[in-house]
Every structure is written in structure tokens, then in C-alpha cells.
Amino acid sequence: MTANSATSLAKQSNLRRFTLMLSGEDAFDSEEDDRPVKGLPHERFLLGNLVPLAPVLLLGQTSQAVNPSEVIACLQPVHLHATRDHLILMGQNQIDLTQTESTELLKTALPYIEEDFQNPIQFQGQYYWFIAAGPFASLASYSIDQAHGRNIDWWMPRDTHEEGIAKRWRKLQNEIQMLWHIGSVNETREQRGMPSINSLWISGIGKLSDVQAPKVIQQSNHFYGSHPLLAGLGRLYNISHSEELNTQELAGSFAWLDNPESAWPTLSAALNDQELDEVLIIDFPKGKTRERLYKAKDLSKKTWAFWKKVQLLTWKEIISS
């Protein structure tokens, strides 16, 4: 295994490299700080410290042009779970929202949203709605991926340089909560035993020109992974994208996979068979970016018992080292 600053790609241009990024978690939540760090570690790695998620997500879900100078916001219907003394944001994969429900919820809320944002909805997907941020452009906001499963008090949108914007957002949010509470969508969901859609979440506020992707992204030949951020980055940099890994096209590719451990046997075999020269693994222990290069010679467990059969490193050993 070779520890390496790893992204001097010009120097490595003749090497057949595959890059695998793992999702990262916040190192900790500190209420001694004024506010949470914006973005999960992998979001900051992919997009830069401004973390303009919304315009990149929009780019990945529509063929329409996106103005690189326009500040875009992402809106998502969510469920806030009430505990004894606080509310917890549930993840999108926990609420089983259908396209029909999403359409009906937006239809109900649309006049209020467009009046307060002073802009029309640009695109509606099943889980994401996008709109020019207008008067909400200065809000500090946090993605559902970052805030889910946590007390929302710490993760609610906050004012930055302009006071009163967060209060204005909460007023709109409360109006929509009341509309949805009495609506037919939640009545039907209750009959199905599903959690109600009882709030609207705003996040990802920013513009495409704020994206500061690293060279390992910009100089890739292909992206692999199902997250819509990759599709958006592919459009932004004119790089092809597939959700599923193609084992015949590994060299020069970047992957962010739902189950990276399932890809490791393929990648280690490609190294041993000299189909790849190296695999770069990017992860985020304690919220810090770590880059490690593996070549074929690095896959064997180190042992002084030279007479024993060579054993290869397992995925568990790779990620725990």
C-alpha cells in the first residue's frame, strides 16, 4: 500500500488508474461553533467548500440548460419525526414518496412557493424540486443527507449576511405544513401505514459557477454511481456517466458506489491481471480527506512467515487501515 498525495494526475497520466470514493460522515457536531460545517466531507470534496448542491443536482436530472450565474435552491418534501422534546428529519429512502404524491404535494404548495421565491419552479422530480432562490439566496442550508436522523434544531437554515431570511423561510415552511396536514395525500398515506409528508426542506443553495471540483473529477474519463450529483458533474464537465460499473472500462474512471465492497474483488483482480496499474481510494476518516494508492504488490498481507500461502487484503482490512 502506498500513501500518496495521489492527485498529481499529470504526472500519472500514463498510468491506468481507477478512483473509488467512499461516502464520509461529519466528524462531530459541536454546539460550541456558531453553525454546522456546510456539507458532508464527500460533498465538499466533489463540489468545493461552497457546496452548491442544488444546481448540480438540477443539471443531473434534466436536459435543460442551467444558467451558471443563477442561484438555485433545492426543495424536498420530507417527514419530521416527533420525539419527546425535538424533531428528527427522516431520510428520503425512509418515506416511500411516489411520483404521484410528489406531484400532488407540489400542486398544493406551488402558489405559496412561487409567490415567496418570486420565481417559477424550474424542474420537478420525484424527490427534488428546483427553483431560483430569489430572496432566499443568502440562506445557509444543509442537505438531507447531512441532516437526516438528527435533531433539526441544529440543521435548520440560518441567516448569513442578511437578517430575517431564515424567519421568512420558516413562515413559508409552516404555511405549507398546514396545507399538507389537511391534504388528501397524507390521508391516503396514513391508510397505507406510511409516515406523513409534513414539511418542506430547503438545501443546496448555490450556483454552478461556485463548483470547485478537484482534478481527479475534472480529468476522469467516466463516472460510475447512482447518486444524481455524479450525473450533474458529468454534464458540467462533459464526462460520460453510468449507474452500474462496467468492468471492461475501468482505467481513468471515477466511482462513488452504493456498495463499494462489492466492487473490490473486481478491482483487485484487475490489478493482479495488470488491467489496472493502480486504484486510488478516497475516504474521509474523522471528516478529513484521505487518499491512498494501491498497486498489485500492495494487495498481499505482510507476513514474516514466507513459507505460508500469500493472503490478499480484504475490503474490511482496506477500509479499517
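In which helix is the place of Gln-146? Gln-146 belongs to helix α4, which covers residues 144-147. The model in which this helix appears is a predicted one, and the paragraphs below lead from the whole fold to two of its interior parts.

The protein contains 10 helices and 13 strands. Its C-alpha trace extends over about 70 × 45 × 40 Å along the principal axes. For 321 residues, a compact globule would have a radius of gyration near 20 Å, and the value of 22 Å for the protein agrees with this. Residues that lie 24 or more positions apart supply 69% of the contacts with a separation of 6 or more.

Burial and surface can be considered next. Of the 321 residues, 48% count as buried. The protein exposes about 16300 Å², and carbon and sulfur atoms supply 49% of that area. As for charge, the protein carries 30 positive and 38 negative charges, and the mean positions of the two sets are 8 Å apart.

Confidence in the prediction varies along the chain. The average pLDDT is 89, and 90% of the residues score at least 70. Over residues 1-5, however, pLDDT stays under 50, and the model gives this stretch 13 contacts beyond four places in sequence. Residues 7-12 also have a pLDDT below 50, with nine contacts in the model beyond near neighbours in sequence.

Helix α2, formed by residues 53-61, illustrates the interior. Seven of its nine residues are buried, so the helix is largely enclosed by the rest of the structure. The buried residues are Leu-53, Ala-54, Pro-55, Val-56, Leu-57, Leu-58 and Leu-59. Which elements are included in their cover? Two helices take part, α1 (41-47) and α8 (228-237). Strands contribute as well, namely β3 (72-78), β6 (121-124), β7 (129-132) and β8 (199-206).

The account now returns to Gln-146 in helix α4. Is Gln-146 buried or exposed? Its relative accessible area is 1%, and since buried means under 20%, Gln-146 counts as buried. Leaving aside residues up to four places away in sequence, which residues does Gln-146 touch? The partners are Asp-26, Val-37, Lys-38, Gly-39, Leu-40 and Trp-155. Gln-146 in α4 and the seven buried residues of α2 thus offer two places at which the reader may examine the interior of the model.

Key
Residues are numbered from 1 along each chain as its sequence is written. This is a predicted model: local features need pLDDT of at least 70, side-chain atom pairs count only at pLDDT 80 or more; totals for chains, interfaces and linings use all residues. Side-chain values use heavy atoms; hydrogens and water are left out. Helices (H or I, at least four residues) and strands (E, at least two) are DSSP runs, numbered from the N terminus. The radius of gyration is taken over C-alpha atoms; the globule rule is 2.2 Å times the number of residues to the power 0.38. Buried means under 20% relative accessible area, exposed over 50%, partly exposed in between (1.4 Å probe, protein chains only). Contact means heavy atoms within 4.5 Å. Accessible areas come from the Shrake-Rupley method with a 1.4 Å probe; for residues, only the protein chains shown count as cover. Lys and Arg count as positive and Asp and Glu as negative; His and the chain ends are not counted. The place of a charge is taken as NZ of Lys, CZ of Arg, CG of Asp or CD of Glu. pLDDT is the predictor's confidence in each residue, from 0 to 100.
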